[in-house]
Amino acid sequence: MRTVTATAAAVTAALAAGAAGIAAGRLASDAALKAPPGRPLPTEPRLTVHATAAGRIALTRDLAALRPGTYGLGGDGSHAVVGPVLGMESHSADTVVRRLERVSHGSLKPGDKVWLTPNVYAGDPGSALDLDHADVDVPGELGSLPAWFVPGTRGTWVIAVHGLGTTREHSMNTMAFLHRHRFPVLALAYRGDLGAPRSPDGLNHLGETEWRDLDAAIRYAVSHGARRIVLHGWSTGAAMALRAAAHSGLRERISGLVLDSPVLSWEATLRALASARRTPGALLPLAVRAAQGRAGLSGDRLDAAAAPERRDLPPTLIFHGPDDTVAPWDHSRRLAATHSGRVALHAVRHAPHAAMWNADPTAYEETMRRFLTPLM
């Protein structure tokens, strides 16, 4: 009798542990599948504002706060822009002083919790960049998709698509540059974004279904006069661009891809985000399986557009670097090596995920200019 009781108890404990593991895996998978637009990813630390003065802000001393370049500074109800670290400024041992470029909206005061974001501009192309633009609606399979259209005189349009944790405001980082070179720009909000339809299951699919919204934007551009299309995507937006180049019915119109920090392995990205939430290592495989089951992700693999047998991949420029903890850059190196001569990899150091422009805007835009010139 005691043996039967002990066995029953062991089975019950095992079932309880299994159920707890599945629940924990499901919760960990939320880091990617429910990443809200405009909110920091779990890899991005919260910083405390210690002090502000004219053109200066003191933040918690952290590796993130020491990054070179220009970043947005997000907060609850506020947005600002910070420039380089001011090394000669006096500060305490636990703070970093950066140049405070501007406060876009809200206010900053000591004690506020903030985070660095690649979104340097807030608002729309008119209010943020003084660019003429139109608010347009792109017909998508789930409903109308809001987009900004900035007109230009060239027959090659650039369609910009953001990625995890950001919004279409991210595309404004390069919008003024593209406008100077007379490219029409279409910046898309897709399923799950503010003003766009929700995915039927309410989850992010890391580009595996979202690419169809980008395909809708390609159809919109062609129907409104675009002769050629360059897709510029960040993070999962870059994965969407690769899928569109492989599967769109209008893929022959896609003359080039610009990919910033592309998510080429959903499993690696999911594990990184779950790990940043302090998920125990033993539970990470459960998080991966939970995501696969919930979102219908089809096995860990590079996108079909990255496969060695592909010979019709359009000219592609990748911005990526070894400091990206969300999308390992080894996958980008492999893609460039596989398609040598068709894919160029521009390495950017000391930049977090999807912030390659922020680290050095001048070098980023000059590299883009050289790549885009033959595609004009």
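Two strands count as paired if DSSP finds at least two bridges between them. With that rule in mind, the tour of this predicted model begins at one such bridge.

**Stop 1: the barrel**

Select Gly75 and Val114; Gly75 stands opposite Val114 in strand E6. The two strands concerned, E3 and E6, run antiparallel and are joined by four bridges. Now widen the selection to the whole sheet. Six strands close into a barrel, and their order is E1-E2-E5-E4-E3-E6. The pairing in this barrel is antiparallel. On average, neighbouring strands of the barrel are turned by 45° against each other, direction ignored.

**Stop 2: the largest pocket**

Next, select Glu44, Trp115, Leu116, Thr117 and Pro118. Among the 43 residues that line the largest pocket, these lie nearest its centre. The pocket holds about 840 Å³ of space. Which elements give two or more residues to its lining? They are strand E3 (71-75), strand E4 (78-85) and strand E6 (113-117). Colour the lining by class to see 19 nonpolar, 16 polar and eight charged residues.

**Stop 3: the open sheet**

Move on to the second sheet, which is open and has eight strands. Follow it in the order E7-E8-E10-E9-E11-E12-E13-E14; the pairing is mixed. Which strands form the edges? Strand E7 (134-140) and strand E14 (343-347) do, each pairing on one side only. From one strand to the next, the twist averages 20°.

Start at the E7 edge. A hairpin joins E7 to E8 through two residues. Seven bridges link E7 to strand E8 (residues 143-150), and the two run antiparallel. Select Gly140 and Gly143 to see one pair: Gly143, in E8, is the bridge partner of Gly140.

Then go to strand E9 (residues 156-161) and strand E11 (residues 228-234). These run parallel and are joined by six bridges. Ala160 and His232 make a useful selection here, as Ala160 stands opposite His232 in E11.

In general, strands of a sheet pair through backbone hydrogen bonds, either parallel or antiparallel.

**Stop 4: helices across the sheet**

Show helix H5 (residues 236-247). This helix lies across E9, E11 and strand E12 (254-260), and runs at about 155° to E12. Next show helix H10 (residues 361-372), which lies across E11, E12, strand E13 (316-320) and E14. The angle of H10 to E13 is about 170°.

**Stop 5: where two helices meet**

Keep H5 in view and add helix H4 (residues 211-223). The two helices pack at an angle of about 65°, and their axes are 9 Å apart. Is the crossing of H4 past H5 left-handed or right-handed? The crossing is right-handed. To see the contact itself, select Trp211, Leu214 and Ile218 of H4 together with Met240, Ala241, Arg243, Ala244 and His247 of H5. By class, the contact of H4 with H5 has six nonpolar residues, one polar residue and one charged residue.

**Stop 6: enclosed space**

The tour ends inside the protein. How many cavities of 30 Å³ or more are counted? The count comes to three. The largest cavity contains about 140 Å³ of space. Select Gly163, Leu164, Tyr190, Asn204 and Thr236, which are the closest to its centre of the 18 residues that line it. The lining of the largest cavity divides into six nonpolar, nine polar and three charged residues.

Key:
Residues are numbered from 1 along each chain as its sequence is written. This is a predicted model: local features need pLDDT of at least 70, side-chain atom pairs count only at pLDDT 80 or more; totals for chains, interfaces and linings use all residues. Side-chain values use heavy atoms; hydrogens and water are left out. On a 1 Å grid over the protein atoms alone, a cavity is a set of points where a 1.4 Å probe fits but cannot get out, and a pocket is an open set with protein on both sides within 12 Å along at least five of seven lines; lining residues have an atom within 4 Å of a point. Grid points are joined across faces, edges and corners, and a volume is the space filled by probe spheres set on the points. Ala, Val, Leu, Ile, Met, Phe, Trp, Tyr, Cys and Pro count as nonpolar, Asp, Glu, Lys and Arg as charged, and the others, Gly among them, as polar. Axes are lines fitted to C-alpha atoms, for helices over the stretch in contact, and angles run from 0 to 180 degrees between N-to-C directions. Contact means heavy atoms within 4.5 Å. A crossing is left-handed if the near helix is turned anticlockwise from the far one by less than a right angle, and right-handed if clockwise.
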